[in-house]
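Here are my notes on this model, as numbered points. Please keep the structure open while you read.

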Amino acid sequence: MPNRHALNTTAINETTAVPAIPSFVDTQDTPFRLESRQQDGTLLNFLPDWWDASWREEVNIPPTLTFSYDGTDTKSDDFVFPNEIWIYRADNTTVQEKFTITNLEEVEDEGYFKRVTCRGLLYQWSHEVITFSEQVGATIDATLGTWMALQTQTPTIHAFGIDAAIAHAIRNTRVENKTILEALNDLQRTIGGFFFVNASRTLEWHRTIGQGIGHIISLKKNATFIKKTSDYSALATRIIA
């Protein structure tokens, strides 16, 4: 499989911390770089030879990342749940997004490759079940704290980026045998706004769309640039009838 995204990673510090900037990065050939990591953040491998990638984000839905990789490369052995894919801009040490591997398709078509599908960290809450929880006259902030205390997966998700008008709003809630993500969507429908989990595993919930959310990034074979389009025409953060 040809190296479609030449990237010298020899100077990257292979630790669980965010890698240092490589001594040379060709941002024309690879606008993004990927890494495979364990759920606790332990670095497994750098993934310089990905291709045909698509990164999709929508309001109040876990983002999706898909990409292809040479199936004969031993790095592709890392593509199993619950390992993660971390994505960086090629010339930056800040993680843009973290994704959990959710699906793997093995394809034999003029060669052997793997098609990987990942979901954003918010997806973790689709596997966290609230057996029963009832909150009467509680703030949304307090209710979220009760729900998040029920998390069983590690690292957990925290809530420190919630708009004050949302966090302090009073709501009565009753949840029985639902995931945290389902309960969160039910709660969101009572007050509006949009939420997501950032790369620091922090839930953010804002009243307006003044963030870079609601876009699709697609990188096809031998891509040398990105065209980004955002469309908010169908967005409604709150509807009152």
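1. **A loop proline.** Pro155 sits in the loop between α1 and β9. Helices (H or I, at least four residues) and strands (E, at least two) are DSSP runs, numbered from the N terminus. A cis peptide bond links Thr154 to Pro155, with omega about -5 degrees.

2. **What you are looking at.** This is a predicted model, in which local features need pLDDT of at least 70 and side-chain atom pairs count only at pLDDT 80 or more, while totals for chains, interfaces and linings use all residues. Residues are numbered from 1 along each chain as its sequence is written, and side-chain values use heavy atoms, with hydrogens and water left out.

3. **A second cis bond.** Phe81 and Pro82 are also joined by a cis peptide bond, with omega about 5 degrees. Pro82 belongs to the loop between β4 and β5 (84-89). Most peptide bonds are trans, and most residues other than glycine have a negative phi.

4. **Gln151.** Look again at the loop between α1 and β9 (158-162); Gln151 is there. Is Gln151 buried or exposed? Gln151 has a relative accessible area of 12%, so it is buried. Buried means under 20% relative accessible area, exposed over 50%, and partly exposed in between (1.4 Å probe, protein chains only). The side chain of Gln151 makes a polar contact of 2.8 Å with the side chain of Trp125. It also reaches the backbone oxygen of Ile157, at 3.0 Å. A polar contact is a pair of N or O atoms within 3.5 Å; within protein, one must be able to donate a hydrogen and the other to accept it, and residues adjacent in sequence count only if both atoms are side-chain atoms. Not counting residues up to four places away in sequence, Gln151 touches Gln124, Trp125, Glu128, Thr156, Ile157 and Ile180. Contact means heavy atoms within 4.5 Å.

5. **Helix α3.** Ile180 leads us to α3 (residues 180-188), where seven of nine residues are buried. They are Ile180, Leu181, Ala183, Leu184, Asn185, Leu187 and Gln188. Which elements cover them? The cover includes β4 (61-70), β8 (129-139), α1 (140-148), β10 (170-179), β11 (194-197) and β12 (202-206).

6. **Two helices together.** The axes of α1 and α3 come within 11 Å and cross at roughly 170 degrees. Axes are lines fitted to C-alpha atoms, for helices over the stretch in contact, and angles run from 0 to 180 degrees between N-to-C directions. The two helices are therefore roughly antiparallel (angles over 145 degrees count as such, under 35 as roughly parallel, 65 to 115 as roughly perpendicular and the rest as oblique). Ile140, Leu144 and Trp147 of α1 meet Ile180, Ala183, Leu184 and Leu187 of α3. The residues of this contact are seven nonpolar, no polar and no charged. Ala, Val, Leu, Ile, Met, Phe, Trp, Tyr, Cys and Pro count as nonpolar, Asp, Glu, Lys and Arg as charged, and the others, Gly among them, as polar.

7. **A three-stranded sheet.** The order in this open sheet is β9-β12-β11, with mixed pairing. Why is one side of β9 and of β11 left without a neighbour in the sheet? Both stand at the edges, each with a single partner strand, so one side of each is left free of a neighbour there. From one strand to the next, the twist averages 20 degrees. β9 and β12 run parallel and share four bridges. Two strands pair if DSSP finds at least two bridges between them. Gly161 has Glu204 in β12 as its bridge partner.

8. **The loop between β11 and β12.** Asn198 lies here. Its side chain makes a polar contact of 2.7 Å with that of Glu204. Asn198 counts as buried because its relative accessibility is 17%. Arg201 is in this loop too. Its phi is near 60 degrees, a positive value in a residue other than glycine.

9. **Leu121.** This residue is in the loop between β7 (112-120) and β8. Its relative accessibility is 1%, so it counts as buried. Leu121 and Val197 are 76 residues apart in sequence, yet 6.1 Å apart in space, C-alpha to C-alpha. Leaving aside neighbours within four places in sequence, the contacts of Leu121 include Val197, Asn198 and Arg201.
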